[in-house]
Amino acid sequence: MSWRTILIVLLVVATIAGAFAYANRNEIILYLVAGMDKPDIAPNRPIAWESGPETAEVPIGERPPNIIFILADDLGINDISTFGGGIAGGRVPTPNIDRLAAEGAIFEQAYSGTGTCAPSRAMLMTGRYPTRTGFEFTPTPDGMGRIVALFANDMDTGLPPVEYNRALAEEGPSFQDQGLPGSEITVAEVLRERGYHTVHIGKWHLGQSAESRPIAQGFDESLLMENMLYLPEDDPDVVNAKLDFDPIDTFLWARGDFATSYNSGELFEPGGYLTDYWTDEALRVIEANRNRPFFLYLAHWGVHTPLQATREDYEAVGDIQPHRRRVYAAMIRALDRSVGRIMDRLEAEGLADNTMIVFSSDNGGAGYLGLPEVNAPFRGWKITLFEGGIRVPLFVRWPGRIAPGTRITTPAAHIDLMPTLAAASGARLPDGVPIDGRNLLPLATGTGTIERPNDAIFWQSGYYQVVRAGDWKLQINGRQNEAWLFNLATDPTEQVNLASARPDKLAELRALLNAHQESARPPLYPYTLESPVAVDRTLAEQVGPDDEYIYWPN
């Protein structure tokens, strides 16, 4: 059954909703979604990774460093015990991630590209703002927005309704074609030009068309996540936690499948729990490329919903309540294990001293988990531009170049990683392509500082726009005509809105936002969903009349 047919059926169902209880209507919709045509998925098969030379042509100390970039998905800053927190009140530490952080540089004020995954990943890959690339909104499967809006508006959250623009959705490109243009130059292309063998493993979310897939964007090899489950829902080794208060989670479970592909070939089943499987394959890539420079982009799905853990990890974290917190904690345990296995394999292969490892998350933890502590002490969640939505871990380990225990307070952002990795490799940035990010190595190595125009970093999603200049941060939401102004030096958790008290600063930062937008290219495709998101309440909590919320267009 096609998506167009599904949408027609949805419209019919919606018009006769009075004849059914909402629960029955939604069950019908989910039944239809789950029953849609799905591609054939072959059994798991081994990957024949390309191998480098049998012996090194250049001694390891004389060749550019290997670079491994490990990216988590939706990891809250308080999920990592390096920052003194950790899920479930610190009962589930992250010793391997902590070791990586302790052995290199910790960027204490690190930011994602935005509050959702795909545009943030585009900035990581290109070092450029959406004002240059047009890649501003997160692609979602055709029909998902309408279903999420229907389900969300059935729930009594205390928030205004979610608004879905069907006409724009039908006019815009399909999910398949919402991607990073092939004309953009990625860090993988820059490193490949330098002589690196480039490998992507895991999530991509920058397009599925021929020009947007990883192997068209600079990667020699790609083991791509093709669907949304960590294991089949009925696998005897999996423990699931469904979030009945989250319409996105409801859609993912109905539509989810367990599939991957290699270099855009046939779909096949991953060889086990996704976090562990990606890591298994990453270790094989390290071994296959030990005699030549390589760039490995390991983009984990963890710890994004749907919440699924292995039974072993679920038992290991102990009796944590509620059930969803325990499953989430077990997922973090698996992610931490992945980082440890990568570091251990580098040591075993004799590559650790000439390998730079970068660890980060695509955005902050999600409020739709119903776990209020994930971004503590910061306000906000994924799908907001408060600090909780965009503060992320950023750790860089490079033995011999970055001293253990280095701590950096200068703000850094995901747009900085492309020029930083290029500098580490000795590669040239592309000619004629403006790069918004800055090379962070002078900060990490203690050899210098960085300069940005007006000392400013920008974020945006449609009419929701933010600038941090120095210690001042301004958030503007055009739909609500709201402004939030904070001095992060004295108020890092954004408690006191100074928009009325400091009209001079408000005007100064508004001018920076306006200047940033003056030459902006239009988005590649329109936003079709406008969602209210509570700043201080999770989706599992009721929002009161005095609670603040923002509108997020996507």
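How many nonpolar, polar and charged residues does the lining of the largest cavity have? By class, there are six nonpolar, one polar and no charged residues; here Ala, Val, Leu, Ile, Met, Phe, Trp, Tyr, Cys and Pro count as nonpolar, Asp, Glu, Lys and Arg as charged, and the others, Gly among them, as polar.

The model is predicted: local features need pLDDT of at least 70, side-chain atom pairs count only at pLDDT 80 or more, and totals for chains, interfaces and linings use all residues. Residues are numbered from 1 along each chain as its sequence is written, and side-chain values use heavy atoms, with hydrogens and water left out.

**Stop 1: the cavity**

Select Phe107, Val396, Ile402, Thr420, Leu440, Leu441 and Ala444, which line the largest cavity. Its volume is about 30 Å³, and the structure holds one cavity of 30 Å³ or more. On a 1 Å grid over the protein atoms alone, a cavity is a set of points where a 1.4 Å probe fits but cannot get out; a pocket is an open set with protein on both sides within 12 Å along at least five of seven lines; lining residues have an atom within 4 Å of a point. Grid points are joined across faces, edges and corners, and a volume is the space filled by probe spheres set on the points.

**Stop 2: the second largest pocket**

Move on to the second largest pocket, which holds about 350 Å³ of space. Select Tyr129, Arg132, Asp436, Phe458 and His516, the closest to its centre of the 17 residues that line this pocket. Helix 6 (130–133), strand 15 (456–461) and helix 17 (503–518) are the elements that give two or more residues to the lining. Helix 17 supplies the largest share, three residues. Helices (H or I, at least four residues) and strands (E, at least two) are DSSP runs, numbered from the N terminus. By class, the lining of this pocket divides into nine nonpolar, four polar and four charged residues.

**Stop 3: the sheet beside helix 17**

Keep strand 15 selected and add its sheet, an open one of four strands in the order 15-16-17-18 with antiparallel pairing. Strand 15 and strand 18 (482–487) are at the edges, each with a single partner strand, so one side of each has no neighbour in the sheet. Two strands pair if DSSP finds at least two bridges between them. Strand 16 (residues 464–469) and strand 17 (residues 472–477) pair in the antiparallel sense over six bridges; alanine 469 has tryptophan 472 in strand 17 as its bridge partner. Now show helix 17 again: it lies across strand 15, strand 16, strand 17 and strand 18, running at about 65° to strand 17. Axes are lines fitted to C-alpha atoms, for helices over the stretch in contact (heavy atoms within 4.5 Å), and angles run from 0 to 180 degrees between N-to-C directions.

Just before strand 15, select aspartate 455, in the loop between helix 16 (441–445) and strand 15. Aspartate 455 has a positive phi of about 55° although it is not a glycine. Most residues other than glycine have a negative phi, and most peptide bonds are trans.

**Stop 4: two cis peptide bonds**

Select glycine 302 and valine 303, joined by a cis peptide bond with omega about 15°. Valine 303 is in the loop between strand 9 (294–299) and strand 10 (307–310). Then select glutamine 321 and proline 322: the peptide bond between them is cis, with omega near -5°. Proline 322 is in the loop between helix 12 (311–316) and helix 13.

**Stop 5: helix 13 and its partners**

Show helix 13 (residues 323–348) with helix 11 (residues 274–288); their axes come within 10 Å and cross at roughly 10°. That makes helix 11 roughly parallel to helix 13, since angles under 35 degrees count as roughly parallel, over 145 as roughly antiparallel, 65 to 115 as roughly perpendicular and the rest as oblique. Residues in the contact include Leu283 and Ile286 of helix 11 and Leu335 and Ile342 of helix 13.

Add helix 4 (residues 95–102), which packs on helix 13 at an angle of about 50° with the axes 7 Å apart. That makes helix 4 oblique to helix 13. Pro95, Asn96, Ile97, Arg99 and Leu100 in helix 4 meet Asp336, Arg337, Val339, Gly340, Met343 and Asp344 in helix 13.
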